Amino acid sequence: MRRRRLSAELRRLREKSRMTAEQVGDKLGWSRGRLTNMEQNKWKRPDPVIIRALANLYQASPEVTEGLVLLAKQSRVKGWWTRYGDVFTDAYVGFEAEASAVSTYQSMVVHGLLQTPEYAAASTRIGRSRSPQVVDRVVQARLVRQEILDQDDPPKVWCVLDESVLLRPAGDKQVMREQISRLIHLVESTDHIKIQLLPLEVGLHPGTAGSFTILDFANPLDPSITYIETRTDGLYLEEEDELQVHRDAWDDIRVMALHPDASADRMGQIIKKYE
């Protein structure tokens, strides 16, 4: 997140100074694509010395310069998720950890922030044979990821689950009972987590294209992101028109879904299926 913010600020300062990327490259002796990669956040470890040089070239104020240098230093600090580089295949959890609001429609599985350890293990085993050690590693990472829900200023999580998610067994009946019970508990006991069930009887709806998550951030310098999970690296949509398409779909989906209280009642009925 900090590296993304730094990239955006560097581009804003360059444009304010009315310099092109080629002009900056000529003055600093850089290759044509180096600055472009920096402004598009295609870099790993921002160098504070280089950031200061750019800020000076753009004639930024001392306060702005020091702020950018500090941001560069902060962006080099590794987040907790880097300890699970074998589990997380892209940068999503880094963005999620900084989000002020997570709005998500899920059509296949319970969202990772809401899963029980047993459901997480069952979902990890699907698709290919994985050793017990790998499954344990994934579950551990998912539980650490969920700790943002218990912090002092947790993100607001609003999840719409397709009813088919809870009708599709994951593991044995006990796994499903515990998972549904957790969802009901979250609906009834938390203010920052809202869960709605989209019943099958609504028929076709704007979510038939698949699951997606919209991340919003408290800092106005951090644009919102729509995230779509894939089998490899996730897809991140940041253009305003792309975001609006998914916000419109999200609005339609949550209106069509049951109220959280009615959703809890429906989940109470579904859980009997697993007795």
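This section describes salt bridges, a surface charge patch and two buried residues in a predicted model.

Side chains of opposite charge can pair when their charged atoms come close. In the present model, the count of such salt bridges comes to 12. Three of these pairs are described individually below, followed by a linked group.

The pair formed by R2 and E98 has its closest N and O atoms 2.7 Å apart. R2 belongs to helix α1, which covers residues 2–16, and E98 to helix α6, which covers residues 92–98, so this salt bridge ties together parts of the chain that are 96 residues apart in sequence. R2 counts as partly exposed, with a relative accessibility of 31%. E98 is likewise partly exposed, its relative accessible area being 30%.

Helix α1 also contributes to a second pair, in which the side chains of R4 and E238 meet in a salt bridge with an N to O distance of 2.8 Å. Because R4 is located in helix α1 and E238 in the loop between β6 and α11, the pair ties together parts that are 234 residues apart in sequence. The two partners fall into separate accessibility classes: R4 is buried, at 9% relative accessible area, whereas E238 is partly exposed, at 42%.

A third salt bridge joins the side chains of D216 and R247, with 2.5 Å from N to O. D216 is part of strand β4 (residues 212–216) and R247 is part of helix α11; the pair therefore ties together a strand and a helix at positions 31 residues apart in sequence. D216 is buried, since its relative accessible area of 17% is under the 20% limit for that class. R247, by contrast, is partly exposed, with a value of 26%.

Beyond these individual pairs, a network of salt bridges links E163, E201 and R266.

Charged residues also appear in a grouping of like sign. On the surface, E239, E240, D241 and E242 gather in a patch of negative charge. One member of this patch, E239, is situated in the loop between β6 (residues 235–237) and α11 (residues 240–256). E239 is exposed, because its relative accessible area of 52% is over the 50% limit for that class. The loop between β6 and α11 is also the location of E238, the partner of R4 described above.

Attention now turns to two buried residues. T226 lies in strand β5, which spans residues 225–228. With a relative accessibility of 0%, T226 counts as buried. When residues up to four places away in sequence are left aside, the contacts of T226 are F212, T213, I214, L235, Y236, L237, L243 and H246. Among these contacts, F212, T213 and I214 fall within the residue range of strand β4, 212–216. L235, Y236 and L237, also touched by T226, match the residue range of β6, 235–237. L243 and H246 are further contacts of T226, and their positions lie within the range of α11, 240–256.

The second residue, V69, is found in helix α5 (residues 62–75). V69 is buried, with a relative accessible area of 5%. Its contacts, again not counting residues up to four places away in sequence, are P48, I51 and R52. The C-alpha atoms of V69 and D47 are separated by 8.5 Å, and the two residues are 22 residues apart along the chain.

Conventions:
Residues are numbered from 1 along each chain as its sequence is written. This is a predicted model: local features need pLDDT of at least 70, side-chain atom pairs count only at pLDDT 80 or more; totals for chains, interfaces and linings use all residues. Side-chain values use heavy atoms; hydrogens and water are left out. Patches are made of residues with over 30% relative accessible area and no salt bridge: like charges are joined within 9 Å, nonpolar side chains (Val, Leu, Ile, Met, Phe, Trp, Tyr) within 5 Å. Accessible areas come from the Shrake-Rupley method with a 1.4 Å probe; for residues, only the protein chains shown count as cover. A salt bridge is a side-chain nitrogen of Lys or Arg within 4 Å of a carboxyl oxygen of Asp or Glu. Lys and Arg count as positive and Asp and Glu as negative; His and the chain ends are not counted. The place of a charge is taken as NZ of Lys, CZ of Arg, CG of Asp or CD of Glu. Helices (H or I, at least four residues) and strands (E, at least two) are DSSP runs, numbered from the N terminus. Buried means under 20% relative accessible area, exposed over 50%, partly exposed in between (1.4 Å probe, protein chains only). Contact means heavy atoms within 4.5 Å.
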